[in-house]
Amino acid sequence: MKLRVRLQKRTAPLEVPGAEPTLGELRAQLRQALLPAWGYSSDIKFSITLNRKDALTEDQKTLASYGIVSGDLICLLLEEADGQPILPPPPSLPLENGHEPPTLIPNKSQASSSKEEGQNEQSDNQKAQVEVQKSDERAGSSLEFPSGLVPEDVDLEEGTGSYPSEPMLCSEAADGEIPHSLEMLYLSAECTSATDALIVLVHLLMMETGYVPQGTEAKAVSMPEKWRGNGVYKLQYTHPLCEEGSAGLTCVPLGDLVAINATLKINKEIKGVKRIQLLPASFVCFQEPEKVASVYKDLQKLSRLFKDQLVYSLLAAARQALNLPDVFGLVVLPLELKLRIFRLLDVRSLISLSAVCRDLYTASNDQLLWRFMYLRDFRAVQEKVETEEGRAEMEAHDVFAPHTSSNPLSSQPILS
């Protein structure tokens with residue numbers, strides 16, 4: 001399981017071996033790999049959290065039981081004897097003329113602890129720093145981190161592979177985090193209400209799916225001109241996959257709701273309309289409008305809802321109106337991925353899906369797929385029928401009773 005670990009302002013990737021690692025295994029991996037690489041002693045006390053507040057304490061539980069999956073961010077808090085978090089030591093300084101760096105001066109809170117603990121902790125930190133400095137000399141100008149660990153303060157342009165702290169898309173943003181593009185749009189729009197902020201977010205979601213705002217003056221870092229006026233919001237887009245068509249959004253506030261109508265035009269002729277209604281209060285908190293990160297919430301939910309129910313269906317309708325082949329969706333997936341999805345369905349759903357179109361019918365008519373369905377859904381039934389006990393039980397429920405025909409002519413003798 002690959003995780004991201006953050007301590008103060010430093011973030012690094014960490015891989016925990018095993019199919020279902022436990023919290024204790026993660027803690028041991030942190031002591032062995034990450035903390036020494038950052039200049040800490042392996043005996044230092046720390047807490048593992050998901051929100052920088054509530055510590056995870058039951059080491060015998062698996063990470064999955066805490067809802068942790070590969071790619072999640074784990075936050076560490078260092079602890080003193082009184083349980084309060086402390087700041088990490090400053091990064092190691094390069095050796096100058098063969099002399100060691102100056103001795104670190106402990107702060108007041110550290111001086112209040114026992115002298116022996118302070119000296120031991122200081123000596124451990126100095127040893128770790130000297131070890132890192134020696135490895136720096138052997139490797140030249142770069143540090144060697146075990147298990148592919150990379151410090152966050154290294155320049156991303158150098159190809160180090162470190163993880164940026166901010167999300168790139170709305171679908172990746174957790175509460176309290178927003179993409180930089182959304183921040184730029186929000187500041188340029190000068191929003192005065194929650195509805196304004198919601199329309200800015202909708203505009204960004206359109207651009208994330210490839211739609212381009214119409215007008216040469218429209219840029220990705222600012223809202224298009226005349227997007228807001230007289231209580232109605234209007235936005236126009238084109239898409240590189242449907243160059244002959246255009247899409248227009250008309251957003252109208254209706255009480256607590258905002259109705260969004262997406263109009264599809266092909267050669268200036270309206271070919272379809274998609275509609276969706278959103279509740280601004282569910283995704284925008286406009287109590288502190290100057291703090292952009294606190295304005296938006298549930299970005300992942302809105303991104304999935306808006307794109308699935310409006311954006312992608314609008315693009316599919318445009319390509320269909322232009323007699324262009326599909327470029328996304330279930331139909332264009334490779335056969336292997338289709339079979340993986342099909343085997344998650346029950347038999348009735350699979351039969352219904354095969355009736356949608358010729359392509360899905362051909363893909364679902366796979367012998368290995370139906371063998372899998374048989375072994376999963378009907379093998380136990382057949383084994384039960386083959387046993388005398390099972391047969392008697394099914395006969396008792398009239399499973400093998402002859403069915404009465406509803407045809408009145410069936411009782412008549414057949415004339416030759």
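In which strand is Ile276 found? Ile276 is found in strand E11, and the legends below, which describe a predicted model, come back to this residue after an overview and a set of views of the sheet and the cores.

**View 1. The whole protein, with its helices and strands.** The predicted model contains 14 helices and eleven strands. Of the 416 residues in the protein, 32% are buried, and the accessible surface comes to about 26200 Å², with 52% of that surface belonging to carbon and sulfur atoms. Among the contacts with a separation of 6 or more, 55% are made by residues that lie 24 or more positions apart.

**View 2. An open sheet of five strands.** The strands of this sheet follow the order E2-E1-E5-E3-E4, and their pairing is mixed. Strand E2 (10-15) and strand E4 (55-56) stand at the edges with a single partner strand each, and therefore one side of each has no neighbour in the sheet. Helix H1, made of residues 23-37, lies across E1, E2, E3, E4 and E5, and this helix runs at about 120° to strand E3 (46-49).

**View 3. The hairpin of E1 and E2.** These two strands pair in the antiparallel sense over six bridges, and they form a hairpin with two residues between them. In the turn, Gln8 has a positive phi of about 55°. One pair that can be picked out along the hairpin is Leu3 with Leu14, its bridge partner in E2.

**View 4. Strand E5 between E1 and E3.** On one side, strand E5 (residues 73-78) pairs with strand E1 (residues 2-7) in the parallel sense, over four bridges. Here Arg4 stands opposite Leu73 of E5, while Leu7 has Leu76 as its bridge partner in E5. Strands E3 and E5, in contrast, run antiparallel and are joined by four bridges, and in this pairing the bridge partner of Phe46 in E5 is Leu78.

**View 5. Two cysteines, Cys75 and Cys170.** Cys75 is buried, since its relative accessible area is 4%, under the 20% that sets the limit for a buried residue. Cys170 has a relative accessible area of 0% and is therefore buried as well. A disulfide is a covalent bond between the sulfur atoms of two cysteines. How many disulfides does a search of the whole structure find? The search finds zero disulfides.

**View 6. The largest nonpolar core and a second core apart from it.** The largest nonpolar core holds 49 residues, and those touching the most other members are Val200, Leu249, Ile260, Tyr296 and Phe306. At least two residues of this core come from each of helix H4 (180-189), helix H5 (194-208), strand E8 (232-239), strand E9 (242-254), strand E10 (257-266), strand E11 (269-278), helix H7 (292-295) and helix H8 (299-321). Helix H5 gives the most to this core, with ten residues. Apart from it lies another core, of 23 residues, which includes Leu3, Ala12, Leu26 and Leu35.

**View 7. The surroundings of Leu249.** When its neighbours within four places in sequence are left aside, Leu249 is in contact with Val202, Met206, Tyr233, Lys234, Leu235, Tyr237, Ile260, Asn261, Ala262, Phe306 and Leu310. Ile260 and Phe306, both named in this list, are also among the residues that touch the most other members of the largest nonpolar core.

**View 8. Ile276 in strand E11.** Ile276 counts as buried because its relative accessibility is 7%, and a residue is buried under 20%. Not counting residues up to four places away in sequence, Ile276 touches Val258, Ala259, Ile260, Leu305, Phe306, Gln309 and Leu310. Of these, Ala259 is 17 residues away from Ile276 in sequence, and their C-alpha atoms are 6.1 Å apart in space.

**View 9. Lys271 in strand E11.** Lys271 also lies in strand E11. Is Lys271 buried or partly exposed? At 45% relative accessibility, Lys271 counts as partly exposed, because that class covers residues between the 20% limit for buried and the 50% limit for exposed. Beyond its neighbours within four places in sequence, Lys271 is in contact with Leu264, Ile266 and Ala321. Lys271 and Gly245 are 26 residues apart in sequence, and 9.6 Å separates them in space, C-alpha to C-alpha.

Definitions and conventions
Residues numbered from 1 in each chain as written. Predicted model: local features only at pLDDT ≥ 70, side-chain atom pairs only at ≥ 80, totals over all residues. Heavy atoms only, no water. Pairing = 2+ DSSP bridges. Contact = heavy atoms within 4.5 Å. Axes fitted to C-alpha atoms, helices over the stretch in contact; angles between N-to-C directions. Disulfide = S-S within 2.5 Å. Buried < 20%, exposed > 50% of the residue type's maximum accessible area, 1.4 Å probe, protein only. Core = buried A, V, L, I, M, F, W, Y, C linked by side-chain atoms within 4.5 Å. Areas by Shrake-Rupley, 256 points an atom, 1.4 Å probe, with all protein chains shown as cover.
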